[in-house]
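Here's a quick briefing to read with the model open beside you. It goes through the nonpolar packing, one helix and the aromatic rings.

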Amino acid sequence: MKTVIISTLLTFVIFFSCKKEPEAPRPSKRQIIDLTHEFSEETVYWVTAKEFEMDVVAEGHTDHGYYYAANNFTTAEHGGTHIDAPIHFAANKQYVNEIPLEKLIGSAIKVDVSELALENPDYLIRIEDFTNWEKKNSMQIPDGSIVLLETGFSKYYPDKKKYLGTDKRGPEAVKLLHFPGLSPEAAKWLVENRNINSIGLDTPSIDYGQSNFFKAHVILLSENIPAFENLTNLDKLPSKGFDVVALPMKIKGGSGAPLRIVAFVND
């Protein structure tokens, strides 16, 4: 009996001494892509909106020996990289401070139409562009997606003549705007056939420059789907498999706000 016990103990010792320790899970590496243009005197605004201004309040060493810097800035809600809250084009819908975080943070996809849009500054993103994405990726646009549209126009920013179609300002300049946007038909298709949380693109407006009635805005914002405008670096994103965090300034009663938006891409 004693021999059996010793033999059993030796077996356990050999087993556990030979057994490898489980490897710790390797931390996933995630690349962070900034999709935000800087705010400065160069920031592109709608031709009738107040542009960004920053006044230096203090900059330098104080009489007490420490360094101190502070500024004041003024700007319109809608300019540079910013968000359009639903109330912007839809009565009784959400103000920017009321948009649920679930609409602003989550998994995202990118639809690349740059090849067509760069050849035509009045390009309207079509239903076919979305269905082609789905065919190429063998899947429907997932429920709750943040949808980003790459036109390629961010490469012109902040050259107003190339990016907006004009460097003039004021009400008359609205007629001179030329840049791609989402067609009303495609906006309606998204609302009726897909369940998206938000949408964004790398042009000054979700509607194209020559729009008179801003139908894409009305269709999307009426369904409390916020829009992100004047994005950048969309060319650095894959077509799927990444996450977005889009956090606007939380302005109570705001129809829009400056936005800091970033993407997290798995290596």
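Leaving aside neighbours within four places in sequence, which residues is Ile-141 in contact with? In this predicted model, the list runs to Ile-109, Phe-130, Trp-133, Glu-134, Val-147, Leu-190, Arg-194 and Ile-196.

**Nonpolar cores**

- Ile-141 belongs to the largest nonpolar core, a group of 24 residues. Along with Phe-130, Val-147, Leu-149, Leu-182, Leu-190 and Ile-199, Ile-141 touches the most other members.
- Two or more residues of this core come from each of strand 5 (105-112), helix 3 (127-137), strand 7 (145-150), helix 5 (184-193), strand 9 (196-201) and helix 6 (215-221).
- Helix 5 chips in the largest share, with four residues.
- There's another core apart from this one, made of 22 residues, including Ile-33, Ala-85, Phe-228 and Leu-237.
- As a rule of thumb, nonpolar side chains in soluble globular proteins tend to be buried together.

**Helix 3, inside and out**

- Asp-129, Phe-130, Trp-133, Glu-134 and Asn-137 are the buried residues of helix 3. They sit on the same side of the helix because they span an arc of only 140 degrees around its axis.
- Flip to the other side of helix 3 and you'll find Lys-135 and Lys-136 exposed.
- Cover for the buried residues of helix 3 comes from several elements, among them strand 5, helix 2 (114-117), strand 6 (124-125), strand 7, strand 8 (181-182) and helix 5.
- Right after helix 3 comes Ser-138, with a positive phi near 55 degrees.

**Aromatic rings**

- Counting rings whose centres lie within 6.5 Å, the model has eight aromatic pairs.
- Phe-52 and Phe-73 are one of them: their ring centres are 5.8 Å apart and their planes are at 20 degrees, so this pair is stacked.
- Phe-52 is in the loop between strand 1 (30-34) and strand 2 (53-61), while Phe-73 is in strand 3 (residues 67-74), so the pair ties together parts 21 residues apart in sequence.
- The two partners are not equally covered: Phe-52 counts as buried at 11% relative accessibility, whereas Phe-73, at 46%, counts as partly exposed.
- Phe-153 and Tyr-156 make an edge-to-face pair, with 5.1 Å from centre to centre and 85 degrees between the planes. Here Phe-153 is buried at 3% relative accessibility, and Tyr-156 is partly exposed with a relative accessible area of 22%.
- Look also for the aromatic cluster formed by Trp-46, Phe-89, Phe-179 and Phe-214.

Note on methods
Residues numbered from 1 in each chain as written. Predicted model: local features only at pLDDT ≥ 70, side-chain atom pairs only at ≥ 80, totals over all residues. Heavy atoms only, no water. Core = buried A, V, L, I, M, F, W, Y, C linked by side-chain atoms within 4.5 Å. Buried < 20%, exposed > 50% of the residue type's maximum accessible area, 1.4 Å probe, protein only. Contact = heavy atoms within 4.5 Å. Arc of directions from axis to C-beta. Phe/Tyr/Trp six-rings, centres within 6.5 Å; stacked < 30°, edge-to-face > 60°.
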